[in-house]
Amino acid sequence: MYNINQSTDTKEAAAIEARRNREKERQNRFFNVRNRVMGVDVQALNNQVGDRKCREAAERSKEAAYGTSQVQYDVVVQMLEKEEADRTRRLAKKVQEFREQKQQLKNGREFSLWDPDQVWKGLPTYLSYSNTYPGPASLQYFSGEDLDRATRLRMQQGQFRYNLERQQQEQQQAKVDENCADALSNQLRLAMDAQATHLARLEESCRAAMMCAMANANKAQAAVQAGHQRCERQCEKKANLAEIRHQSTSDLLTENPQVAQHRTAPHRVLPYCWKGMTLEQRAAIRKEQEVQRSKKEAHRQAEKTLDTEWKSQTMSSAQALLELEEQERELCAVFQKGLGSFNQQLANEQKAQQDYLNSVIYTNQPTAQYHRQFNTSSR
């Protein structure tokens with residue numbers, strides 16, 4: 001593109017400076033992560049980002065609605081628990097008051113049977129005009145006699161009438177208490193239903209307002225995203241046109257090998273302009289590869305010969321070791337044989353000596369009388 005043989009002058013310096021500036025712009029465009037496009041579908045990525053944001057917004061709204069409903073349910077449950085606790089407390093208070101007022105110990109039906117002061121309160125069946133108790137000798141009191149039967153029957157009838165009236169009063173009071181409890185329960189249920197209806201209406205209105213706000217936010221977000229996409233498409237189109245113009249006017253697509261040579265260091269190349277090696281360079285590389293291959297083959301043959309020599313030496317060493325082991329086994333056999341004959345000779349000599357001692361020296365055997373006399377003398 002430029003005349004290499006031309007001497008360095010102002011025109012060449014200006015051309016070099018312009019090319020350097022274009023290269024810097026190209027590098028900035030290539031290495032700018034925000035603006036470059038290298039095999040990535042920006043539209044699909046933007047759609048995925050938009051879908052993810054919409055999904056996250058829907059999830060957030062769902063969680064917010066669920067949280068609102070949970071809070072409302074918690075409030076209702078707390079109100080119900082409070083009403084139940086108040087009703088239980090009132091009922092327990094009424095039961096305690098009824099027990100304190102109507103169910104005293106002295107008013108019990110069977111109190112007279114296990115009264116601890118019954119013996120002291122008891123009176124004889126027959127009492128005379130005097131306050132003295134007649135004894136058995138007075139013939140005025142007999143065992144099994146019931147002189148106050150009429151008075152006792154009147155008292156029993158009065159007690160029975162009193163117990164019957166008290167039972168009727170208790171039944172009427174229980175009915176009144178049950179009616180009051182049913183009325184309070186109905187009022188509580190109606191209040192709870194009204195509160196639940198009010199909360200449901202509030203929840204519905206809150207949900208409608210939330211959906212409306214979400215729809216408006218989605219519309220605004222869609223409009224903003226459409227504007228961003230339109231601006232990005234315009235920027236991408238401009239960048240593509242500039243890239244096409246730069247590629248068509250620069251030395252990147254040329255086949256001139258001189259373009260890749262460095263101007264100040266001829267032994268270096270420019271990586272962004274290098275189009276590959278020449279035929280001479282390839283031939284030199286192949287020649288060098290052949291030389292290396294021949295050296296490697298010679299080295300392999302030398303290693304193979306050395307391995308063969310080592311193997312033969314190892315085999316000869318193993319053979320010599322086997323011969324030494326055979327000689328060692330033969331020497332061991334001869335030694336064992338000599339040792340056996342020597343042991344046999346020692347055994348024969350010991351046997352002959354033992355026979356001599358038994359037949360010549362130890363001929364007189366001690367009797368039992370000798371042992372008795374020896375024991376007596378030793379005592």
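In helix α2, D86 and R89 sit three residues apart, which means that about one helical turn separates them. Their side chains meet in a salt bridge, with N and O 2.4 Å apart. The two partners differ in how much of each shows at the surface: D86 counts as buried, because its relative accessibility of 17% falls under the 20% limit, whereas R89 is exposed at 52%, a value over the 50% cut-off. The model is a predicted one, and what follows should be read with that in mind.

The D86 pair belongs to a wider set, as a search of the whole structure turns up nine salt bridges. Helix α1, spanning residues 10-30, holds another, and here R20 and E17 are again three residues apart, about one turn of the helix. Their side chains come together at 2.8 Å, N to O. Neither partner is tucked away or fully out in the open: R20 is partly exposed at 40% relative accessibility, and E17 is partly exposed at 38%.

Further along the chain, helix α5 (residues 279-361) carries the pair R300 and E297, also three residues apart and so separated by about one helical turn. The closest N and O atoms of this salt bridge lie 2.4 Å apart. R300 is partly exposed, with a relative accessible area of 40%, and E297 is partly exposed too, at 36%. Elsewhere, salt bridges with shared partners tie E203, E204 and R207 into one network.

Two members of that network turn up again around empty space inside the protein. The structure holds one cavity of 30 Å³ or more, and the largest cavity has a volume of about 50 Å³. Its lining is made up of A65, T68, E203, C206, R207 and M210. Helices α2 (42-102) and α4 (149-249) each put at least two residues into this lining, with the largest share, four residues, coming from α4. Sorted by class, the lining has three nonpolar residues, one polar residue and two charged ones.

One of the lining residues, C206, raises the matter of cysteine pairing. The disulfide count comes to zero, by the rule that two cysteine sulfur atoms must lie within 2.5 Å. C206 is partly exposed, with a relative accessible area of 32%. Another cysteine, C212, is likewise partly exposed, at 45%, because that value falls between the 20% and 50% limits.

Key
Residues are numbered from 1 along each chain as its sequence is written. This is a predicted model: local features need pLDDT of at least 70, side-chain atom pairs count only at pLDDT 80 or more; totals for chains, interfaces and linings use all residues. Side-chain values use heavy atoms; hydrogens and water are left out. On a 1 Å grid over the protein atoms alone, a cavity is a set of points where a 1.4 Å probe fits but cannot get out, and a pocket is an open set with protein on both sides within 12 Å along at least five of seven lines; lining residues have an atom within 4 Å of a point. Grid points are joined across faces, edges and corners, and a volume is the space filled by probe spheres set on the points. Ala, Val, Leu, Ile, Met, Phe, Trp, Tyr, Cys and Pro count as nonpolar, Asp, Glu, Lys and Arg as charged, and the others, Gly among them, as polar. Buried means under 20% relative accessible area, exposed over 50%, partly exposed in between (1.4 Å probe, protein chains only). A salt bridge is a side-chain nitrogen of Lys or Arg within 4 Å of a carboxyl oxygen of Asp or Glu.
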